[in-house]
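Please walk through the model that follows, starting at the end of a helix and moving from there to its packing and to a group of aromatic rings.

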Amino acid sequence: MATGDYATLAEVRTHLGIASTDTTRDALILELITSVSRAIDRYCCRQFYTTTETRYYDYRSAWRLWLDEDLYSITTVTNGDGSTTLILKVFPFFYNVLST
C-alpha cells in the first residue's frame, strides 16, 4: 500500500469477492488502488491524507498568511528573520499571523 491510498488490498479483495489466498492479481490491484487514489486527488483538487513536510510561504500581509493547501496541523512557524510567530486559525486556508 502506497502512502495516500484510499483503500487497502484487503478491502478491495473483500469487495470483489477475491479469496485472501488468491494473490495472483495483487500487484495489479495495488497499482489500481494507487492510480484511482491519485485520480480522486486530481478530481477534487486536494488530497485527503496527511503528510509531514516543510512548507515555505511568502506572505504579503503582516497579519495574514494565505495557504494554498489544507493543513492538518502546524508544528512551528519561523519568520525569515528568525523571530517567532503566533498562529491563530480563523478559517480553512486562512491563519492570522501575529509576530511576538
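**From a helix end to a ring cluster**

Just after H2, Cys45 takes a positive phi of about 60°, where helices (H or I, at least four residues) and strands (E, at least two) are DSSP runs numbered from the N terminus. The model is predicted, so that local features need pLDDT of at least 70 and side-chain atom pairs count only at pLDDT 80 or more, while totals for chains, interfaces and linings use all residues. Residues are numbered from 1 along each chain as its sequence is written, and side-chain values use heavy atoms, with hydrogens and water left out.

The helix that ends before Cys45 can be checked against its expected span, defined as 1.5 Å times one less than its number of residues. For the 19 residues of H2 this gives 27 Å, and the end C-alpha atoms are 27 Å apart, which agrees. Within H2, the residues Asp26, Ile29, Ile33, Ser37 and Asp41 are buried, a term that means under 20% relative accessible area, with exposed meaning over 50% and partly exposed in between (1.4 Å probe, protein chains only). Seen down the axis of H2, these buried residues fall within an arc of 115°, so they line one face of the helix; the arc is that of the directions from the helix axis to the C-beta atoms. The face turned away from the buried side of H2 carries the exposed residues Ala27, Glu31, Arg42 and Tyr43.

What do the buried residues of H2 pack against? They pack against H1, where contact means heavy atoms within 4.5 Å. Asp26, a residue of helix H2, is buried with a relative accessible area of 14%, and, not counting residues up to four places away in sequence, Asp26 touches Leu9 and Arg13. With the same exclusion of residues up to four places away, Ile29 touches Leu9, Val12 and Ile18. The largest nonpolar core, with six residues, consists of Ala7, Leu9, Val12, Ile18, Ile29 and Ile33, and H1 and H2 each supply at least two residues of this core. Such a core is a set of buried Ala, Val, Leu, Ile, Met, Phe, Trp, Tyr and Cys residues joined through side-chain atoms within 4.5 Å. In soluble globular proteins, nonpolar side chains tend to be buried together.

The aromatic rings come next. Rings of Phe, Tyr and Trp (its six-membered ring) pair if their centres lie within 6.5 Å, and planes under 30 degrees apart count as stacked, over 60 as edge-to-face and the rest as tilted. By this rule the count comes to two aromatic pairs. Tyr6 and Phe48 form an edge-to-face pair, at 6.2 Å centre to centre and with 70° between the planes. Because Tyr6 lies in the segment before helix H1 (9–16) and Phe48 in the loop between helix H2 (26–44) and strand S1 (64–66), this pair ties together parts that are 42 residues apart in sequence. The rings of Tyr6 and Tyr49 have their centres 6.2 Å apart and their planes at 50°, so this pair is tilted; it links the segment before H1 with the loop between H2 and S1, 43 residues apart.

Ring pairs thus link Tyr6, Phe48 and Tyr49 into a cluster. Tyr6 is partly exposed at 29% relative accessibility, Phe48 is partly exposed at 46%, and Tyr49 is partly exposed at 23%.
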